[in-house]
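Here's a quick briefing to get you oriented. Have a look at the sequence and fold first, then work through the points below.

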Amino acid sequence: MAAAAAAAVSVSSRSLATTNAETHRHDRLTKSSHFYRIKTQLKPYPSLCGRRPNRTAHGLSSLRLIPSAVSSGGNPSVPFAFDDVDKPRDECGVVGIIGDPDAAKLCSLALHALQHRGQEGAGIVCSDGTTIRSATGLGLVSEVFHDPRTLAPLKGDSAIGHVRYSTAGAASALANVQPFLAGYRFGKLAVAHNGNLVNYRRLRFDLESRGSIFNTSSDTEVILHLIATSSSRPLLSRVVEACESIEGAYSLVFLTENKLFAVRDPHGFRPLVMGRRRPNGAIVFASETCALDLINAEFEREVNPGEVLVVDGQDMSITSACLMPEKPRKACVFEHVYFALPNSVVFGHPVHASRYTFGAALARESPVPGADFVIPVPDSGFFAALGFAEASGIPFQQGLIRSHYVGRTFIEPDKEGRNLAVKLKLAPVRTILEGKSVVVVDDSIVRGTTSSKIVNLIKTAGGAREVHMRIASPPIVGSCYYGVDTPSSEELISNRMNVEGVRQEIGCDSLAFLSLDSLRGAFADESHMFCDACFTRNYPVPPTEQEAVKLTEV
Ligand code: SF4
């Protein structure tokens, strides 16, 4: 690998004229909407010369989704995801591994590290170079793969995996659990996706009107159909062509019999990192660095926004292509507010440090003179509360204890169930809280329903005299259309009322949110590279289709 000189060539998506001699050139050609760059390591990228086959040779119905060879029982009876009541939910985490004989097992461990990104389904697709097998199931990774017989058939040195959160209704459909494995004209292809496509409905309509048959209600299946129907060659070009048709947020991993692809959308909404395992050099892609840490993979770099990386399992060479057109970077700032684990480094910034900075800024902006303690809402308010305590000089205390042993299957998704969920999840420490004035630090407020229960819990069961809520992010006023499940804008409490109205609704003695300037200030001169649309409604990609759907769901 070290001997590999990076060679850059440019490939026209129309003429695809490249020679092996050209692949050794180090010059980079000017990008335009018809060009993307190919950069190879170890070996020249194979010539992309070739005639476009007749488009009709690729019937849309030639794509066939293959059901999992193993469908673990998992936990199909989950009626309500207990964790993170009234919080936005990330809609998935992805993993890809190539070059390790234990790829499927490592994939399951990495998925375990990403469990916070989706709890309703998990799956792995594995290749031994000639045969691809899959196993999927509903529930947590530990439930889907707890039986060794589920992982046993997944032999091979490359694998991709997925943890899924979905909106209600579709959650129970095993068919929607990824990775999707499809057979088409040129072989088999599996895909796992984190994100959300904003033009999914139009693309699906176009594909269906030309005869395509869909097997799931997931936007991800559109990508497979676009690849199957592309007339470009080779597969890299088909992937590029498909990805240049889709809009919105996507961090993707694809697996063929002998290649692993990793793709990030041109805005780079959702994270995707690359690492190498010690000592065998296996290449790992994952949504967060915490997954790399768990399987002894060293962080190498991010998959760049708009980049397509391909690892060839035969010689472990890596090829990189750029999607066109290039777009401004818009990484999701909510990864730092809430989604990502604090031990991850996301978009180049340690998550725990961001949250600490948010909390410290909040203390300077909205102090609470005379308070006895600063208390986090566990777990996501922990580092912001530390920052608040340090900046304010008010002692930090754990006045709320989070239970990690609450079952998931017996809570019903009705109002009573949600009330019970908060009580089961959080227990006030009366001997700390009684008679005290406390600053309670949380990461965000969505509908406000959980916040009012927390305030009530601290006051009644905990006996606190005063509760001052401090929120380590600005008011959420817009829904997300880029891979995060948030309620419609009409359900967001800060979209319906001002800060004083929210304070009265949740029943605390004072309430303050982090200012937008301080949120952006935490990223200094990189702040323009972050999406903060749920706080500003400045959507980098117009969400017309999704907005219409959310409005009809109200
Ligand atoms: Fe993230 Fe909010 Fe932008 Fe969605 S709208 S990508 S949650 S910052």
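Helix H13, residues 449-460, lies across two strands, E25 (437-442) and E26. Its direction is at about 150° to that of E26. Keep in mind that this is a predicted model.

**The sheet around E25 and E26**
- Both strands belong to an open sheet of 4 strands, and the order is E22-E25-E26-E28 with parallel pairing.
- At the edges you'll find strand E22 (373-376) and strand E28 (510-513), each of which pairs on one side only.
- On average, neighbouring strands of this sheet are turned by 20° against each other, ignoring direction.
- As background, strands of a sheet pair through backbone hydrogen bonds, either parallel or antiparallel.

**A look at E26 and E28**
- Strand E26 covers residues 466-471 and pairs with E28 in the parallel sense, over 4 bridges.
- If you want a spot to check by eye, try His 468, which stands opposite Ser 510 in E28.

**The H5 and H6 pair**
- Elsewhere in the chain numbering, helix H5 (residues 220-229) packs with helix H6 (residues 235-243) at an angle of about 130°, and their axes are 8 Å apart.
- That angle is why H5 counts as oblique to H6.
- The two helices, H5 and H6, make a right-handed crossing.
- On the H5 side, the contact is made by Ile 223, Leu 226, Ile 227 and Ala 228.
- H6 brings Leu 235, Arg 238, Val 239 and Ala 242 to that contact.
- Sorted by type, the residues of the H5 contact with H6 come to 7 nonpolar, no polar and 1 charged.

Key. Residues are numbered from 1 along each chain as its sequence is written. This is a predicted model: local features need pLDDT of at least 70, side-chain atom pairs count only at pLDDT 80 or more; totals for chains, interfaces and linings use all residues. Side-chain values use heavy atoms; hydrogens and water are left out. Two strands pair if DSSP finds at least two bridges between them. Axes are lines fitted to C-alpha atoms, for helices over the stretch in contact, and angles run from 0 to 180 degrees between N-to-C directions. Contact means heavy atoms within 4.5 Å. Angles under 35 degrees count as roughly parallel, over 145 as roughly antiparallel, 65 to 115 as roughly perpendicular and the rest as oblique. A crossing is left-handed if the near helix is turned anticlockwise from the far one by less than a right angle, and right-handed if clockwise. Ala, Val, Leu, Ile, Met, Phe, Trp, Tyr, Cys and Pro count as nonpolar, Asp, Glu, Lys and Arg as charged, and the others, Gly among them, as polar.
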